[in-house]
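Me: I'd like a close look at a single part of this model, its salt bridges. Could you take me through the pairs and their surroundings?

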Amino acid sequence: MQGRQLIWATTLALFCGTTHAQTSAAAAAADLDAEMEIVTRNYITENPSVSIDDAITRLAIQGELNPTFEALRDEFADRLSSLSFRHAPDQHIFVELTGTEPVPNRVVKTESGSTRVVFETGNVHTEAEFDRILERNNPLIFSSIPGLTGISGFPGENRVLIMIEGDAEMARSLDPQVRQLVRAMGLKVDIEPNHRRSRNL
């Protein structure tokens, strides 16, 4: 009798363990599906001309392009100004370079599909040069712009976007400071109002 009870207890434990693992796997799959649905819907909201099927394919391709981005960074390390992902007129990688020597466009293939790589030359600064300019002028930016909540740099556009807490009138009143920053950095400077201050700033 005790032997039968032991066998039954062991079988029950194995069954419960298997059922728990299956339930956990099913829950994880459901979470992944829900997350994918949210990401897909967000992509379609930002790109309303794209169908659900195309959005799913595009997102799958994006997930496979990290090695391509790394390879492009290595290949054009001495000229790279900006490397970005564009969604119109089709999904493609946009590579902005300094210098005038042209680079032919190309196509890269991944498991889920292919993506164009489009090159543009003639930019003023590499990413590294642009970052050094920003780093060197950070003290001036923070001391010149009251209510500053964030800074975004766009090396491909040779532009800095400064976000502030104040309203549009406050942004217009900062024109003298903006002109000073333009002279100091040699970059375009835009002020964008109505941004909350980050706790980590």
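Reply: Here is a walk through the salt bridges, followed by a short look at one helix.

Happy to help! This is a predicted model, in which local features need pLDDT of at least 70 and side-chain atom pairs count only at pLDDT 80 or more, while totals for chains, interfaces and linings use all residues. Residues are numbered from 1 along each chain as its sequence is written, and side-chain values use heavy atoms, with hydrogens and water left out.

Side chains of opposite charge can pair when their charged atoms come close. A salt bridge here is a side-chain nitrogen of Lys or Arg within 4 Å of a carboxyl oxygen of Asp or Glu. By this rule the count comes to 6 salt bridges.

Let's start with Arg-73 and Glu-127, whose side chains meet in a salt bridge at 2.8 Å, N to O. This pair links distant parts of the chain, 54 residues apart: Arg-73 lies in helix α3 (residues 66-75) and Glu-127 in helix α4 (residues 127-144). Helices (H or I, at least four residues) and strands (E, at least two) are DSSP runs, numbered from the N terminus. As for exposure, buried means under 20% relative accessible area, exposed over 50%, and partly exposed in between (1.4 Å probe, protein chains only). Arg-73 is partly exposed at 35%, and Glu-127 is partly exposed at 23%.

Next comes a pair between strands. Glu-96 and Arg-86 form a salt bridge at 3.8 Å, N to O. Glu-96 belongs to strand β2 (residues 92-98) and Arg-86 to strand β1 (residues 80-86), with their positions 10 residues apart in the numbering. Glu-96 counts as buried, with a relative accessibility of 6%, whereas Arg-86 is partly exposed at 34%.

Another strand pair joins Asp-190 to Arg-159, their closest N and O atoms being 3.0 Å apart. Asp-190 sits in strand β7 (residues 188-192) and Arg-159 in strand β6 (residues 159-164), 31 residues apart. Here Asp-190 is partly exposed at 33%, while Arg-159 is buried at 17%. Arg-159 and Asp-190 also belong to a network of salt bridges that includes Glu-157.

Finally, the helix. In helix α2 (residues 52-62), the buried residues are Ala-55, Arg-58, Leu-59 and Ile-61. They lie on the same side of α2, because they cover an arc of only 160 degrees around the axis, the arc being that of the directions from the helix axis to the C-beta atoms. An α-helix has 3.6 residues a turn, so residues three or four places apart point the same way.
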